[in-house]
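Please examine the structure shown below. The paragraphs that follow lead through its ligand sites and its aromatic pairs.

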Amino acid sequence: MLIYLLRRIMQSGFVLVAMSLLVFLGVYAVGDPIEILISPDADQIEKERAIQALGLDLPLWQQYLVFVGKALQGDLGRSFVFNEPAIQLILQRMPATLELAFGSMFLSILIGLPLGLYAGLRPNGAISKGIMAGSILGFSLPTFWVGLMLIMVFAVQLGWLPSTGRGDTAMLFGISWSFLTGDGLSHILLPAINLALFKISLVIRLTRAGVRETMLMDYVKFARAKGLSPFRVTFVHVFKNILIPVVTVVGLELGGTIAFSVVTESVFAWPGMGKLIIDSINVLDRPVIVAYLMMIVLMFIVINLLVDIVYTVLDPRVRLEAKA
Amino acid sequence: MNTLEVKGLSTHFFTRAGVVRAVEDVSFTVGRGKVMGLVGESGSGKTVTGFSVIGLVDAPGRIVSGEILFKGRNLVGMGEEELRDLRGNRIAMIFQDPMMTLNPVLRVDTQMIETVQAHQKVDRETARQRARDTLGMVGIPSPDERLKSYPHQFSGGMRQRVAIAIALLHQPDLIIADEPTTALDVTIQGQILAEVQKLAANTGTSLIWITHDLSVVAGLADDIAVMYAGRIVEQGSVDQVLDVPFHPYTHGLIGSVPSRNKRGVALRQIPGTTPSLMSLPPGCAFKTRCERADGACETMPALAELAPGRFARCVHPHLETLPA
Ligand SMILES: Nc1ncnc2c1ncn2[C@@H]1O[C@H](COP(=O)(O)OP(=O)(O)OP(=O)(O)O)[C@@H](O)[C@H]1O
Ligand code: SF4
Ligand SMILES: [Mg+2]
């Protein structure tokens with residue numbers, strides 16, 4: 001297990017290096033930062049000085065090494081706009097995005113799993129057909145539109161829930177969180193539902209497909225032949241088997257959720273990383289863009305690693321292969 | 001009282017393409033402590049017969065007529081709760097494919113203990129001890145350790161022993177063994193057969209032993225029923241049927257030499273294939289492959305008692321081989 005973990009961590013390291021190269025090439029080498037950094041009427045000498053100060057006169061590979069060297073010390077440059085370290089800006093906004101992402105993940109499992117299970121156990125029932133039709137809507141309706149509709153209905157017309165910002169927050173581990181206060185929870189609910197919509201549909205479909213497939217397996221029939229109660233057959237024999245693909249996909253989706261919470265954060269003015277990156281792209285705040293991309297890459301890698309670990313805990317067959 | 005009396009059992013599958021008459025008008029009796037061999041080609045309805053007895057025919061299949069008297073109680077039409085009480089307790093089944101029978105994500109102890117506790121109010125420790133003892137009984141070395149393993153850590157033969165142990169947990173009155181040794185190599189097959197025979201003799205358990213392999217039936221069974229295209233075509237005591245087969249199908253399977261030397265010989269291949277159960281033409285289902293077929297075979301012959309205790313479904317049976 002330990003060797004397996006070490007190997008996975010080393011692989012992750014390689015991926016990180018490769019991705020940093022791509023991000024570096026993508027953002028630094030394409031386009032000319034000087035154009036944006038220096039006023040157009042600066043003279044040649046000023047330009048030269050700026051180029052030297054930024055290390056842009058060095059060959060590309062040296063520039064990359066400098067970038068990596070600084071990145072390793074946690075320095076991904078300073079924001080042009082806020083004049084603060086980019087990484088710090090991102091980290092400040094991260095908790096808001098994380099709690100939104102986890103909130104939506106929680107909702108997608110809370111809602112998707114039981115619905116999918118029901119639809120899988122009674123595939124021909126009217127309710128199941130309704131659930132499946134609903135899941136198609138969840139897949140196909142555009143997030144921003146649903147977000148606006150949620151605001152229209154629940155915030156504007158019914159006035160039940162607030163539609164912008166994080167509301168009151170409380171401190172935990174020196175970070176402020178919305179989900180710890182009633183007001184904060186009421187603020188997170190609409191954006192979390194909005195962000196969860198796609199994933200709820202995904203979980204419903206995965207669960208249903210998994211249940212239907214697993215129900216046909218010999219071991220489920222054997223479990224019934226042992227005289228087990230339908231409850232035990234469903235919730236132990238079937239459920240434990242479908243948990244593996246569902247956990248994998250939901251886990252892998254977390255990265256995507258964090259990365260693509262951009263839309264929801266914009267609609268609900270949720271002050272997270274997604275809103276920051278949109279604003280930064282608008283004003284071409286390159287260090288923030290780079291820092292954001294690197295954070296997202298790092299996050300994907302960590303999530304993949306965690307999913308793999310959870311996977312080995314759930315599936316004994318993987319555990320054995322890992323040992324061998 | 002006989003352990004099992006099946007009378008006129010018909011089980012059909014109502015598929016979109018048409019009705020599959022998998023089991024049609026099947027009757028047989030298994031006395032206490034007796035072993036009945038059920039033989040026939042692939043697709044002849046052996047497994048479906050077994051599932052019918054244990055009440056696990058799933059949609060689109062259904063028992064359409066007949067009685068299944070288990071110790072005098074009719075299982076057809078019995079409530080699901082009552083049936084569940086019998087399953088794994090008084091009637092157990094061992095499945096065809098040992099690699100698929102055990103749930104891959106549950107430990108062997110879980111799968112055994114739940115079977116004990118499904119039918120008896122005993123604490124976990126008692127149930128575990130019973131599981132361990134039964135594993136030891138079917139020849140699994142160091143059962144205490146093996147209990148903590150997952151199915152994939154066992155070989156095919158060992159998995160089938162586990163499945164057999166699960167079937168034996170409650171010392172059932174009837175075990176339906178669906179080709180339990182076909183997937184195993186010959187030595188292990190022999191060991192398992194010997195053990196099952198011993199256990200059956202010791203506990204008075206009756207067995208339905210489904211197989212392709214005549215040598216297994218010859219060594220193990222008291223009675224034999226030969227199935228073809230969903231119907232029983234020949235029935236009687238093993239010694240008599242194997243020595244002097246009446247039905248052209250059985251005759252073809254065994255070969256024409258009437259002697260005991262053929263014990264230990266597998267079923268002979270008969271040219272031609274089983275007709276589709278969906279569109280069986282009227283008359284004897286074997287007529288397309290039968291050397292003796294003529295106009296008289298255009299009406300389905302009844303299963304007639306041609307000699308005391310000897311039944312065959314044929315208008316031109318091989319009566320000439322009867323010793324005068
Ligand atoms: N769920 C089902 N839907 C439709 N037809 C089915 C279904 N299950 C079984 N059958 C049909 O019933 C017939 C009998 O099948 P069964 O499994 O009992 O054969 P078998 O004698 O056990 O064969 P084998 O030796 O290959 O195990 C086959 O023709 C099969 O196609
Ligand atoms: S009834 Fe006719 S076709 Fe059928 S087995 Fe007998 S002789 Fe052959
Ligand atoms: Mg079969």
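Is B:Gln96 buried, partly exposed or exposed? At 36% relative accessibility, B:Gln96 counts as partly exposed; buried means under 20% relative accessible area, exposed over 50%, and partly exposed in between, with a 1.4 Å probe and protein chains only. This is a predicted model, in which local features need pLDDT of at least 70 and side-chain atom pairs count only at pLDDT 80 or more, while totals for chains, interfaces and linings use all residues. Residues are numbered from 1 along each chain as its sequence is written, chains are lettered from A and ligands numbered from 1 in the order in which they are written, and side-chain values use heavy atoms, with hydrogens and water left out.

B:Gln96 takes part in the metal site. The magnesium ion (ligand 3) has as its protein donors B:Thr47, through OG1, and B:Gln96, through OE1, at 1.8 to 2.6 Å. Donors are N, O and S atoms within 2.8 Å of the metal (3.2 Å for Na, K and Ca), and sites may look incomplete because water is not among the atoms. B:Thr47 belongs to helix α1 (residues 46-54) of chain B, whereas B:Gln96 sits in the loop between β6 (91-94) and α3 (98-101) of chain B, so the pair ties together parts that are 49 residues apart in sequence. Helices (H or I, at least four residues) and strands (E, at least two) are DSSP runs, numbered from the N terminus. B:Thr47 is likewise partly exposed, with a relative accessible area of 22%.

The two metal donors return at ligand 1. Among the 16 residues around ligand 1, those that come nearest are B:Ser42, B:Gly43, B:Lys46, B:Thr47 and B:Gln96; a residue is near a molecule or strand if one of its heavy atoms lies within 4 Å of it. Polar contacts (pairs of N or O atoms within 3.5 Å; within protein, one must be able to donate a hydrogen and the other to accept it, and residues adjacent in sequence count only if both atoms are side-chain atoms) can be followed here. An oxygen atom of ligand 1 lies 2.4 Å from a polar side-chain atom of B:Ser42. Polar backbone atoms are found 2.8 Å from a ligand 1 oxygen atom at B:Gly43 and 3.0 Å from one at B:Gly45. Ligand 1 taken alone exposes 630 Å², of which the protein buries 68%; accessible areas come from the Shrake-Rupley method with a 1.4 Å probe, and for residues only the protein chains shown count as cover. Helix α1(B) gives the largest share of this shell, 3 residues.

Around ligand 2 there are 13 residues, of which B:Cys284, B:Lys287, B:Cys290, B:Cys297 and B:Cys314 come nearest.

Turning to aromatic rings, the structure holds 8 aromatic pairs over all chains. Rings of Phe, Tyr and Trp (its six-membered ring) pair if their centres lie within 6.5 Å; planes under 30 degrees apart count as stacked, over 60 as edge-to-face and the rest as tilted. One of these pairs, A:Phe222 with B:Phe95, is edge-to-face, at 5.3 Å centre to centre and 80 degrees between the planes. A:Phe222 lies in helix α9 (residues 218-225) of chain A and B:Phe95 in the loop between β6 and α3 of chain B, so the pair joins two chains. A:Phe222 is buried at 2% relative accessible area, and B:Phe95 is buried at 3%. Ring pairs also link A:Phe222, B:Phe51 and B:Phe95 into a cluster.
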